[in-house]
Amino acid sequence: MQYGIIIAVLSLVLIVITILAKNVKIVPQSKSYVIERLGAYSESWQTGFHIKVPFIERIAAMVSLKEQVADFPPQPVITKDNVTMQIDTVVFFQITDPKLYTYGVERPLAAIENLTATTLRNIIGELELDHTLTSRDTINAKIRVILDEATDPWGIKVTRVELKNILPPREIQDAMEKQMKAERERREAILRAEGEKASKILVAEGQKESQILYAEGEKQSAILKAEAAKEAKIRNAEGEAQAIINVQTAMGEGIKLLNASNPSEAVLAIKSLEAFAKAANGQATKIIIPSEIQGLAGLATGIKEVLAKD
């Protein structure tokens, strides 16, 4: 009898321990547990140690508080100029209120996907094809603002929206590729023309610099030649002047010596005759003979005639 009671007590203790073990919960980081008590929302457990009341409380949802990414498949959209495109979007969102996320909307991800598709159609429908392809940032910002406002009642914060791919029809892609090819060829031609223009300008500038340097060289050469000729003339003139000075000095010295010797009139007459003879042998066409020399010349002629008669 006692053995049966012990087994019953042990069984009861084991059941109690099992129940307690199952109702002790540790909420990990970046998680939140939504707790219902008797079918109604009670509280949201944050990170840490918690004990759930057995049979009265239950965990209605385990919500991740991390930022999540939803990659939605391509959606057909029509632009303002009636071009049908396929656009797929990527939505980054984070749950800010576990209670609203659990009870706000059925299948939140499906709701976000449908809301993204309708918003994308509305925005693209107001844009033309070219504007759509070049306005990704604007489209992303508009979609994010609209989704963020619409998902606030669901406890969701939309942090970012990206258009992953924009796929126009094949014929539009071919036309765009041809247009891009023509644009590249045009730019290439412009760059080639600009390069040739720059090359010609550089060549012309080089020729100009060469001519300027050549002219400057010729000018410098002429200046040097003129200076050399001037220097030669100056030296020649200085030589002639020095020669004249030397001659005059010699003549002066001769006169001084002559005066110092106190010559007779006959010697002076002879010197005059010598000077006259030198003058007569020169290139002069007219010679003025002093009276003293004339008398002496007559005397010499008379003596010559007497000697001839003898």
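Is lysine 164 buried, partly exposed or exposed, and what is its relative accessibility? In this predicted model, lysine 164 comes out at 41% relative accessibility, so it counts as partly exposed. Its side chain meets that of aspartate 71 in a salt bridge, with 2.9 Å from N to O. Aspartate 71 sits in strand β6 (residues 67-71) and lysine 164 in strand β9, so to speak a link between distant parts of the chain, 93 residues apart. Aspartate 71 is also partly exposed, with a relative accessible area of 44%.Stepping back to the whole protein chain, the fold contains eight helices and nine strands. Of its 310 residues, 20% count as buried. The chain exposes about 22500 Å², and carbon and sulfur atoms supply 59% of that area. As for how the contacts are spread, take those between residues at least 6 apart in sequence: 60% of them join residues at least 24 apart.

The largest nonpolar core has 30 residues, and Met85, Ile87, Leu120, Ile139 and Ile143 have the most contacts inside it. At least two residues of this core come from each of β5 (57-64), β8 (84-95), α3 (108-124), α5 (136-151) and β9 (156-167). A second, separate core is made of five residues, among them Val27, Ile35, Trp45 and Ile59. Back in the largest core, isoleucine 87 is worth a look for its partners. With neighbours within four places in sequence set aside, isoleucine 87 is in contact with Pro73, Pro74, Gln75, Val77, Leu120, Ile124, Leu163, Asn165 and Ile166.

Two of those partners, Leu120 and Ile124, are also on the list of buried residues in α3. The rest of that list is Pro108, Ala111, Ile112, Thr116, Ala117, Thr119 and Ile123. What do the buried residues of α3 pack against? They meet β7 (75-78), β8, α2 (98-103), α4 (129-134), α5 and β9. The length of α3 works out too: at 1.5 Å a residue, its 17 residues should span 24 Å, and the end C-alpha atoms are 24 Å apart, which agrees.

Just ahead of this helix comes a backbone oddity. Arginine 107, in the loop between α2 and α3, has a positive phi of about 50° although it is not a glycine. Most residues other than glycine have a negative phi. Arginine 107 is exposed as well, with a relative accessible area of 60%. Leucine 38 tells a similar story: its phi is near 55°, again a positive value in a residue other than glycine. Leucine 38 belongs to the loop between β2 (31-37) and β3 (40-45), and its relative accessible area of 71% makes it exposed.

Helix α1 (residues 2-23) includes isoleucine 5, which is partly exposed at 47% relative accessibility. Together with Val9, Val13 and Ile17, Ile5 forms a nonpolar patch on the surface, with about 340 Å² of accessible area between the four. An α-helix has 3.6 residues a turn, so residues three or four places apart point the same way. Asparagine 23, also in helix α1, is another matter. Is asparagine 23 buried or exposed? At 7% relative accessibility it counts as buried, because the cut-off for buried is under 20%. Leaving out neighbours within four places in sequence, asparagine 23 is in contact with His50, Ile51, Lys52, Val53 and Pro54.

That leaves the remaining charged pairs. The salt-bridge count comes to nine. One of the nine joins glutamate 162 to arginine 160, with their side chains 2.8 Å apart, N to O. Glutamate 162 is partly exposed at 26% relative accessibility, and arginine 160 is partly exposed with a relative accessible area of 47%.

Another salt bridge, at 3.2 Å from N to O, brings together the side chains of arginine 187 and glutamate 183. Why are these two separated by about one helical turn? Because they are four residues apart in helix α6 (residues 170-261). Arginine 187 is exposed, with a relative accessible area of 51%, whereas glutamate 183 is partly exposed at 27%. Salt bridges with shared partners join Glu183, Arg186 and Arg187 into one network.

Technical notes: Residues numbered from 1 in each chain as written. Predicted model: local features only at pLDDT ≥ 70, side-chain atom pairs only at ≥ 80, totals over all residues. Heavy atoms only, no water. Patch = residues over 30% accessible without salt bridge, like charges linked within 9 Å, V, L, I, M, F, W, Y side chains within 5 Å. Areas by Shrake-Rupley, 256 points an atom, 1.4 Å probe, with all protein chains shown as cover. Buried < 20%, exposed > 50% of the residue type's maximum accessible area, 1.4 Å probe, protein only. Core = buried A, V, L, I, M, F, W, Y, C linked by side-chain atoms within 4.5 Å. Contact = heavy atoms within 4.5 Å. Expected span 1.5 Å × (residues − 1).
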